[in-house]
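This briefing goes through one protein model by topic. Please keep the sequence and the structure open while reading.

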Amino acid sequence: MPPVLEIDALSFDYGGRSVLDAVSLRIDADEKVILLGPNGAGKTTLFALVSGLFATRKGRVSVAGAPAGTGPALAALGVVFQMQTLDLDLSVDQNLGYAAALHGLSPRRAAPRIAAAKQVFGLQDRGAEKLRSLNGGHRRRVEIARAGLHDPQVLLLDEPTVGLDIATRKALVADLHARPGALLWATHLIDEIWPDDRVLVLHQGRLVADGPPAALMAQTATDSLSAAFDALTRVPA
């Protein structure tokens, strides 16, 4: 089967400053891929290019076989950005219902999906509440629930567990690993990574490692993924 996400020789710069340098990767259906990188490594820029927020200038990005930013590519994606994108003056149900409608789901088809998502994220009793009245953790839950309503082939998650309590974060990590479809998940929390995950390390705009945690530890002769990450992103004195 063709990859659900394919990036080929992708480069990007801001005013002459290189942010991504010839990044290439492919993600197959149902792969769980974790993206690690220090601040400023280019993770958020990569997500902006995959989601079509930024236009691709050098290289190629395709989602489900379609160029990034086109209708078919957007239909295949679910996205949770670092910055909040909810309408604070709408209720939880309204935010979720609006997102479902944008993806072509009728109210009849959307209703059971919204109910199931609220159950997963502990929002059963919050449907009528406006987002403005919720704390940051509950708003984050709504964003993540919204991103998966249309069963996207690829779910992009940029630091999705920010603001969540430990119990909710643990449950979310398990739920996301169990869901069908591919994940590309940027995080800085090593405990969110499972042994079978594929880990990408982005450093100074380049992919410097790609493999399961055990392979990265072997590559760096370290005994933990945290130590392997430090070794791969160490800046020479």
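**Lead points**

Ala29 sits in the loop that joins β2 (17-27) and β3. The model is a predicted one. With a relative accessible area of 39%, Ala29 is partly exposed. Its C-alpha is 9.4 Å from that of Ala64, although the two are 35 residues apart in sequence. The points below cover the nonpolar cores, two helices, two pockets, a loop residue and some phi values.

**Nonpolar cores**

- The largest nonpolar core has 38 residues, and the members that touch the most others are Val142 and Leu216.
- Apart from that core lies another, made of 29 residues, including Phe12, Val33, Ala76 and Leu202.
- Once neighbours within four places in sequence are set aside, the contacts of Leu216 are Val199, Val201, Ala209, Asp210, Gly211, Leu225, Ala228 and Leu232.

**Helix α8**

- Three of the contacts just named recur here: Leu225, Ala228 and Leu232 are in contact with Leu216, and together with Phe229 they are buried in α8 (residues 225-232).
- The buried residues of α8 cover an arc of only 100° around the axis, which puts them on the same side of the helix.
- In general, an α-helix has 3.6 residues a turn, so residues three or four places apart point the same way.
- The cover over the buried residues of α8 includes β3 (32-36), β9 (198-203), β10 (206-211) and α7 (213-220).

**Helix α3**

- Which residues of α3 are buried? They are Val92, Asn95, Leu96, Ala99 and Ala100.
- Seen down the axis of α3, these buried residues fall within an arc of 130°, so they line one face of the helix.
- Tyr98 and Leu102, on the other side of α3, are exposed.
- Among the elements that cover the buried residues of α3 are α4 and α5.
- Gly104 follows α3 and has a positive phi, near 80°.

**Largest pocket**

- The volume of the largest pocket is about 540 Å³.
- Its lining is made up of 19 residues, of which Val79, Thr85, Leu102, His103 and Arg146 are the closest to the centre.
- Leu102, one of those closest to the centre of the largest pocket, is also one of the exposed residues of α3.
- At least two lining residues come from each of β6 (77-80), α3 (92-102) and α5 (136-147).
- The largest share of this lining is that of α3, which gives four residues.
- By type, the lining of the largest pocket holds 11 nonpolar, six polar and two charged residues.

**Second largest pocket**

- The second largest pocket has a volume of about 370 Å³.
- It is lined by 18 residues, and the closest to its centre are Gly148, Leu149, Asp151, Asp175 and Arg179.
- Two or more residues of this lining come from each of α4 (107-120), α5 and α6 (166-178).
- With four residues, α4 gives the most to the lining of the second largest pocket.
- Its lining divides by type into 11 nonpolar, three polar and four charged residues.
- α5 contributes to both linings: at least two residues to that of the largest pocket, and two or more to that of the second largest.

**Leu88 in its loop**

- Where is Leu88 found? Leu88 is in the loop between β6 and α3.
- Beyond its neighbours within four places in sequence, Leu88 is in contact with Lys130, Leu131, Arg132 and Arg139.
- Leu88 and Asp28 are 60 residues apart in sequence, and their C-alpha atoms are 35 Å apart in space.

**Positive phi values**

- Most residues other than glycine have a negative phi.
- Ala9, which is not glycine, has a positive phi, near 50°.
- Ala9 belongs to strand β1 (residues 5-14), and at 37% relative accessibility it counts as partly exposed.
- Asp151 likewise has a positive phi near 50° and is a residue other than glycine.
- Asp151 lies in the loop between α5 and β7 (154-158).
- Is Asp151 buried or exposed? Its relative accessible area is 54%, and the cut-off for exposed is over 50%, so Asp151 is exposed.
- Asp151 is also among the residues closest to the centre of the second largest pocket.

Conventions
Residues numbered from 1 in each chain as written. Predicted model: local features only at pLDDT ≥ 70, side-chain atom pairs only at ≥ 80, totals over all residues. Heavy atoms only, no water. Core = buried A, V, L, I, M, F, W, Y, C linked by side-chain atoms within 4.5 Å. Buried < 20%, exposed > 50% of the residue type's maximum accessible area, 1.4 Å probe, protein only. Contact = heavy atoms within 4.5 Å. 1 Å grid on protein atoms, 1.4 Å probe; cavity = no way out; pocket = protein on both sides within 12 Å on 5 of 7 lines; lining within 4 Å. Points joined across faces, edges and corners; volume = space filled by probe spheres on them. Nonpolar A, V, L, I, M, F, W, Y, C, P; charged D, E, K, R; others polar. Arc of directions from axis to C-beta.
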